[in-house]
Amino acid sequence: MAIRSEPLIATARLPRRAASVSGWLDRESVFSWLMMALPLLFLAAFVGYPLVYGVLLSLEDRPVAQPGHFVGLKNFIADYHDPIFWRVAINTFVYTGVATLLKMVGGLGLALAMNQHFRMKNLVRALLLLPFIVPTVLSTVAWMWMLDPAFSVVNRILIGLGMPRPGPSWLGNPVLAMVSIIVINTWRGLPFYGITLLAGLQTVPPELYEAATIDGAGGWHRFRYVTLPLLKPIILIVTLFSVIFTFADFQLVYVLTHGGPQNATHLFATYAFDIGMGAGQLGLGASIALTMLPALALLIAALTLYMRRQ
Amino acid sequence: MGPGMITGHGRIEGLVRVWLPVGFFLVVALFPFYWMAITSIKPNAELYNARLMPLLVRNPTLKHYVDLLTETSFLLWTWNTMLVAVVSTAISLVFGTMLAYPLARMRFAGAGLIAMTVAAIYLVPQPLLFLPLADVINRLDLGNTLTSVILTYPTMLVPFCAWLLLGYFKTVPKDLEEAARIDGASRLQTMRQIFLPLCTPGFISAGIFAFTLSQNEFLYALIFLTKSSVRTVPVGVIAELIRGDVFYWGQLMAGALLGSIPVALIYSFFVEHYVAGLTSGSVKG
């Protein structure tokens, strides 16, 4: 009897246990953590771990494909005494600062120009966004050809307009090379600013402009005291985004100038690549990349907190 | 000029006010693409003749395209790029949803922290990660496999999709889900059968962005893929079409143009979704 009754009890219990398991699974916290577990593990393995490992690498003398050994802050001290490193730091700040300013001002201009009524507006908007969506490497190759030392179409147009031959050496002159990468970064990023700010402009209630006009405000005053304050949150978010990714830019410079001439356009990312991959000094390269961290961490924290507040 | 004074003069002034600035922006934005296109169909004799007016083509030819497709591995690179973009986009949409749904709908301890962490990870730029990741990929023995980039692209795409979807999920009304819950559906059933089908526009937006970002990726592909047979288009074009000091500009421009077409095509179909995602304030610039 006892033997036969056991399965009976088991089958009687089963639904209850199943119900309690599904009840447990239905708790919000259990469901949430189970759902998020896999993606969180993935991010921990491929973002969290490399970040920590990068810090360890930066403290090692570590040639490629060889075991490294701990050297403390030696790599960072080497960076400190490396004149190219300081050149790179200045380049990165100039590049980020000027390109961001140009994108912000130009993007605002683009948004204001687009914020009028005209035909084919959607088509124009779609076309204007093309520089932003086409793979950067491919459009940069086109710019490289446009600035070619011998057959630059930019120079041929300038010469046609009266500039003396042979025209500027865009990628051969240190200052002009910096100008070139800034212009191309602006060309690519400006539509992002423009279209985002345009969306912001379209949320400004027309009554505000009417009220300002009745109060006697001219075009500039309406812009300064109505448009700009209302756009401020969007401008801030877009700018922080843009600063983060301009500061850490790699593609454009790697393709166009490779950091040259005479390191005039090397940025943190391209220099870290050259040292880490090119020269095979993983530890030293990691230390260069990590010097970006304080500024980036500050920017990321600011943007994350700001987006959360929104 | 008052609103009642639409004269011929006013109309012209209006057109100038619109098209002078808009036209300027259009010319600047599109000229590089025009230059790509026209270079790719010029015979070499015209390309490297400094005496000809460069903005027009006299004897158009498809030679550069034929050479590109027959003499290089361009088609293979295109296939690799597509495969990687599609798979990593799919992974990222699934993982992104798995993160975004609980964050958008559930109350649990730590939700705020996870949301912040995901946003912060999204903002971590690649140059901070590529050297340690190169070593990780090496140790996993994944160098020169498409798996290496399929595994690493989602590091940027998952947080991005999660963030964009989180914003979208919050705009979907809760009524249907609550009704399903009252009818006894489990949380998983509610999510899969009731909620997710309502979110197609959000998935399209996130998917297009993820696809575009994968097509644009260069740094990981450059480091992990050094064999021609596994390269993606951007790396193949840079590593193999630029040969020493001799540039094959016709072929290069043909490659740049063809490589841009998949993204441009998808973008043109879903431009409204793209703009909607862009202006939700969660896209990299």
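Over which residues of chain B does pLDDT stay under 50? Select residues 1-5 of chain B and you have them. For this stretch the model has two contacts beyond four places in sequence. Keep in mind as you go that this is a predicted model.

**Stop 1: colour chain B by confidence**

Now bring up the whole of chain B, where the mean pLDDT is 89 and 93% of the residues reach 70 or more. Two selections show the range nicely. Pick helix 4 of chain B, residues 74-105, where confidence is highest in the chain at a mean of 96. Then pick strand 2 of chain B, residues 246-247, where confidence is lowest, at a mean of 67. For the model as a whole, ipTM is 0.90 and pTM is also given as 0.90.

**Stop 2: the outline of chain B**

Switch to cartoon view, and chain B shows 14 helices and two strands. Its radius of gyration is 24 Å, well over the 19 Å that the globule rule gives for 285 residues, so chain B is more spread out than a compact globule. Turn the chain along its principal axes and its C-alpha atoms fill a box of roughly 75 × 75 × 30 Å. Of the 285 residues in chain B, 45% are buried. Among contacts in chain B with a separation of 6 or more, 76% come from residues 24 or more positions apart.

**Stop 3: the two domains of chain B**

Next, colour residues 8-61 of chain B as domain 1 and residues 65-279 as domain 2, following the domain assignment. Taken over C-alpha atoms, the centres of these two domains of chain B are separated by 33 Å. Where they touch, domain 1 of chain B contributes seven residues and domain 2 of chain B contributes seven residues.

Stay on the domain 1 side and select helix 1 (8-40) and helix 2 (44-47) of chain B, each of which supplies at least two residues to the side that touches domain 2 of chain B. Helix 1 of chain B gives the most there, with four residues. By type, this side of domain 1 of chain B divides into three nonpolar residues, three polar and one charged.

**Stop 4: where chain A meets chain B**

Finally, show both chains together. Their contact takes 82 residues from chain A and 74 residues from chain B. On the chain A side, go to helix 2 of chain A, residues 28-58, which provides the largest share, 17 residues. Colour the chain A side by residue type and you will find 63 nonpolar, 15 polar and four charged residues.

How values were computed: Residues are numbered from 1 along each chain as its sequence is written. Chains are lettered from A and ligands numbered from 1 in the order in which they are written. This is a predicted model: local features need pLDDT of at least 70, side-chain atom pairs count only at pLDDT 80 or more; totals for chains, interfaces and linings use all residues. pLDDT is the predictor's confidence in each residue, from 0 to 100. Ala, Val, Leu, Ile, Met, Phe, Trp, Tyr, Cys and Pro count as nonpolar, Asp, Glu, Lys and Arg as charged, and the others, Gly among them, as polar. Domain bounds come from an automatic or database domain assignment. The radius of gyration is taken over C-alpha atoms; the globule rule is 2.2 Å times the number of residues to the power 0.38. A residue is buried if 20 or more other C-beta atoms lie within 10 Å of its own, exposed if 12 or fewer, and partly exposed in between; C-beta atoms are placed from the backbone.
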